[in-house]
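User: I'm new to this one and would like to learn how to read it. Could you walk me through a few features?

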Amino acid sequence: MKVDFLKIRDGFKNIHNLEINFDDKELLTVLIGRNGSGKSNVIEALVRIFRALDLGDEETPFSYELIYSLGANNEKRIEIDASPDYGVTPHQQHKIKVAIKQEDNTYSKFEPVALSKIKRNKNGASEYLPQHLFAYYSGPSDRLEDLFRPHRTKFYNQLLQNEVKIEDEVRPLFYAKPFHSQFVLLAFFLNQQHGVGREFLAEQLGIKDFHSVHFVFRRPEWGKKNKKDIFWGARGVVREFLDRLLPYSYGPVKSTREEATSLTGKGVDNEFVHLFLPDIYGLKKVAKGLKPKDFFKMLESTLLSELIDSVNIKVKLHNDEIVSFSELSEGEQQLLTVLGLLEFTVEDDSLFLLDEPDTHLNPAWAAKYHTFLKRFIPNQKFCHILMVTHHPLAIAELDKQQIQVIRNNSDGQSIAEVPVESPIGMGVNGILTSDMFGMATTLDRHTSGVIEQRRTLLEKEFLTENETKELRKLNGSLERLGYGYTHPDEDYRQFLIARKRAMQIASIPETKAIENRVRLLEAILKDQGLID
């Protein structure tokens, strides 16, 4: 799955006539820009688009064009032109064309396809949609999660009716939440070959082994009439998991306590069952014959069935200290959630939409984020990851074609641009002061103010006696701050003068101003014979 082009014409939040040309040869595309530029709205727009296509009976949420391809080698190319203005029914509003790659690597003529053909069949399959769409948002907002509610509700009803099979794929539209990190952790421990997941636990989190897990199950609303069964009449995939868990656990221990049902803390009494799995051998017996992916699905299904109240995992670190999973940082749990979903769907045609997944990461991990993603997806042809970030280190390893800078121009139009230069080798200061983030300086306000005062004096062709004294005073101040070495010579002063004459920065857009500065500097250096 690769997204190639997206145009949001109008009618969606603060986005107006935004066009994004994605590099469909890359695994990762990163969207950056200032707050309010519309980055997160692009992620939400794609969720809304694919949700409407997946359900097949929703009107198009806004006017757009979308081009994407499916297959490891982009064998199928889909173009969609949709608008509420095209008609009153979803079928009329969506104009869809499909082309197939030929043996000579050219595409056939585009043929129209009806919206009804796009919709998934009763088995959840569609030859025109990505196998999976995953979304993750690190913030507290349920804005994105609400969009996945129809698919989650459908899956929930299938669970209750015993229509879900463990060999089935994870549901097509999946919203990842922090709770999933615990399921990822348990599934990673099941890999007998110490695969990528186990290696990550050891190398990055310092986790040597699994210690124990305490499951607390609660009586769900649908089980309140069943008083005989220990698990209140659970069936299907969920029952299979519980029946696997029970023989190897300490317990069950039943209890009754008040369960909060409102923000005020008021609640009603409910029944709970405690099961304690004491070691890695028990965990492996519970999951015998299951792939880690299937075990993850069992856990997630049990959560969705409203049976799980809490999962308390303890792990053993390299120094043999035993810690609770809850003691891991939010960044560690955040990273586990995203990387686990990648591991369990790596072979599928998937689109991952990650909104600030690096919020809680330390600088070292933010810089390695791209490397982590590639490590969990060795064959990058199978999926596309679109990520929103504010972290300059998260793009430090990327080529400029993998970056889209989102901004609004003076007319209120939304613009997406590839940066002038790749961030590789720039360093944090270079990235922040480039057209990618557009900061004038990374210094504090006082220091940058002193430097600006000195620059103003240096740009003058002639200095009065008082100005000369003031310049000497500013140089002394900067010397104490560690910036006195900044080009005090005459050549640099002449460069500043020439730059001021050649450019009227105040009337030039920031990105254009940066380009002009580079050209001017090159011209001066060539004139002085310092470069060819």
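User: Let's start with strand β3: is it largely enclosed by the rest of the structure or not, and why?

Analyst: Keep in mind that this is a predicted model. To judge a strand, check how many of its residues are buried, meaning under 20% relative accessible area. In β3, 5 of the 5 residues are buried, so the strand is largely enclosed by the rest of the structure.

User: Which residues of β3 sit on which side?

Analyst: Here's the general idea: in a regular strand the side chains alternate between the two faces of the sheet. In β3, one side carries Leu-28, Val-30 and Ile-32, while Thr-29 and Leu-31 are on the other. Those residues are all buried, so both faces of the strand are covered.

User: Which strands does β3 pair with, and how do they run?

Analyst: For pairing, look at the bridges on either hand. With β17 (residues 403–408), β3 (residues 28–32) shares 3 bridges, and the two run parallel. With β16 (residues 383–388) there are 4 bridges, again parallel. You can follow single residues too: Val-30 stands opposite Ile-403 in β17, and Ile-32 has Val-405 as its bridge partner in that strand. Over in β16, Leu-28 is partnered by Ile-385.

User: What is the order of the strands in the sheet?

Analyst: Read across it as β9-β8-β15-β16-β3-β17-β18; these 7 strands form an open sheet with mixed pairing. At the edges stand β9 (173–176) and β18 (414–417), each with a single partner strand, so one side of each has no neighbour in the sheet. From one strand to the next, the twist averages 20 degrees.

User: Now a single residue. Is Arg-51 buried or exposed?

Analyst: Compare its relative accessibility with the 20% cut-off for buried. Arg-51, which is found in helix α1 (residues 39–55), has 16% relative accessibility and therefore counts as buried.

User: What does Arg-51 touch beyond its sequence neighbours?

Analyst: Leaving out residues up to four places away in sequence, its contacts are Glu-58, Asp-146, Leu-147, Pro-150, His-151 and Leu-173. A polar atom of the Arg-51 side chain lies 3.1 Å from the backbone oxygen of Leu-147. Arg-51 and Leu-133 are 82 residues apart in sequence, yet their C-alpha atoms are 9.2 Å apart in space.

User: And how many helices and strands are there in the protein chain?

Analyst: There are 16 helices and 18 strands. Of the chain's 532 residues, 49% count as buried.

Definitions and conventions:
Residues are numbered from 1 along each chain as its sequence is written. This is a predicted model: local features need pLDDT of at least 70, side-chain atom pairs count only at pLDDT 80 or more; totals for chains, interfaces and linings use all residues. Side-chain values use heavy atoms; hydrogens and water are left out. Two strands pair if DSSP finds at least two bridges between them. Axes are lines fitted to C-alpha atoms, for helices over the stretch in contact, and angles run from 0 to 180 degrees between N-to-C directions. Buried means under 20% relative accessible area, exposed over 50%, partly exposed in between (1.4 Å probe, protein chains only). Contact means heavy atoms within 4.5 Å. A polar contact is a pair of N or O atoms within 3.5 Å; within protein, one must be able to donate a hydrogen and the other to accept it, and residues adjacent in sequence count only if both atoms are side-chain atoms.
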